[in-house]
Amino acid sequence: MKERIQLGHLSEASGVSKRTLGYLFLHTYGITPMAFLKRERLRKARMLLQHADPSTTTVTSIARECGFQHMGQFSLDYKRLFGESPSATLHQHPRADRMPDRQ
């Protein structure tokens with residue numbers, strides 16, 4: 001399993017304090033650094049779901065690949081951001097022939 005990213009990791013990597021990093025994200029994106037990270041992970045999950053073959057891929061496998069551990073919370077956050085459930089995305093437009101690189 002991938003290491004969980006924490007605010008301290010982002011602070012160290014960027015060379016600024018947690019407080020400064022939080023201020024910069026709020027000023028630039030209107031959300032906290034961790035909310036930004038979650039949104040990007042949800043976007044990655046959506047892209048993978050849109051390109052997955054529903055006969056061989058599950059929502060759970062993609063959610064876990066993107067670092068989500070709690071499927072109920074993942075589904076709630078996903079629906080809040082995209083207006084549909086992850087399973088609806090998976091079954092909407094299967095395009096397995098154009099599967100993106102998962103790295």
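I'm counting helix axes that cross at 65 to 115 degrees as roughly perpendicular. I keep in mind that this is a predicted model.

**Entry 1: helix 3 against helix 5**

I looked up the axes of helix 3 and helix 5: they come within 10 Å and cross at roughly 85 degrees. Helix 3 and helix 5 are therefore roughly perpendicular to each other. Next I listed who makes the contact. Helix 3 puts in Lys38, Arg39, Leu42, Arg43, Ala45, Arg46 and Leu49, and helix 5 answers with Phe74, Asp77, Tyr78, Leu81 and Phe82. I sorted these contact residues by type and got seven nonpolar, five charged and no polar.

**Entry 2: length check on helix 5**

Does helix 5 come out short, or as long as expected? I took its 12 residues, 71-82, at 1.5 Å a residue, which should span 16 Å. The end C-alpha atoms sit 16 Å apart, so the span agrees.

**Entry 3: the two sides of helix 5**

Which residues of helix 5 are buried? I find Phe74, Asp77 and Tyr78. Looking down the helix 5 axis, I see the buried residues fall within an arc of 100 degrees, so they line one face of the helix. The face turned away from that buried side carries Gly72, Lys79 and Arg80, which are exposed.

I then checked what the buried residues of helix 5 pack against: helix 3 (33-51), helix 4 (59-65) and helix 6 (86-92). Phe74, Asp77 and Tyr78 also turn up in the contact with helix 3 from my earlier entry.

**Entry 4: past the end**

Last look, just after helix 5: glycine 83 has a positive phi, about 75 degrees.

Conventions: Residues numbered from 1 in each chain as written. Predicted model: local features only at pLDDT ≥ 70, side-chain atom pairs only at ≥ 80, totals over all residues. Heavy atoms only, no water. Helix = DSSP H or I, 4+ residues; strand = E, 2+ residues; numbered from the N terminus. Expected span 1.5 Å × (residues − 1). Buried < 20%, exposed > 50% of the residue type's maximum accessible area, 1.4 Å probe, protein only. Arc of directions from axis to C-beta. Contact = heavy atoms within 4.5 Å. Axes fitted to C-alpha atoms, helices over the stretch in contact; angles between N-to-C directions. Parallel < 35°, antiparallel > 145°, perpendicular 65-115°, else oblique. Nonpolar A, V, L, I, M, F, W, Y, C, P; charged D, E, K, R; others polar.
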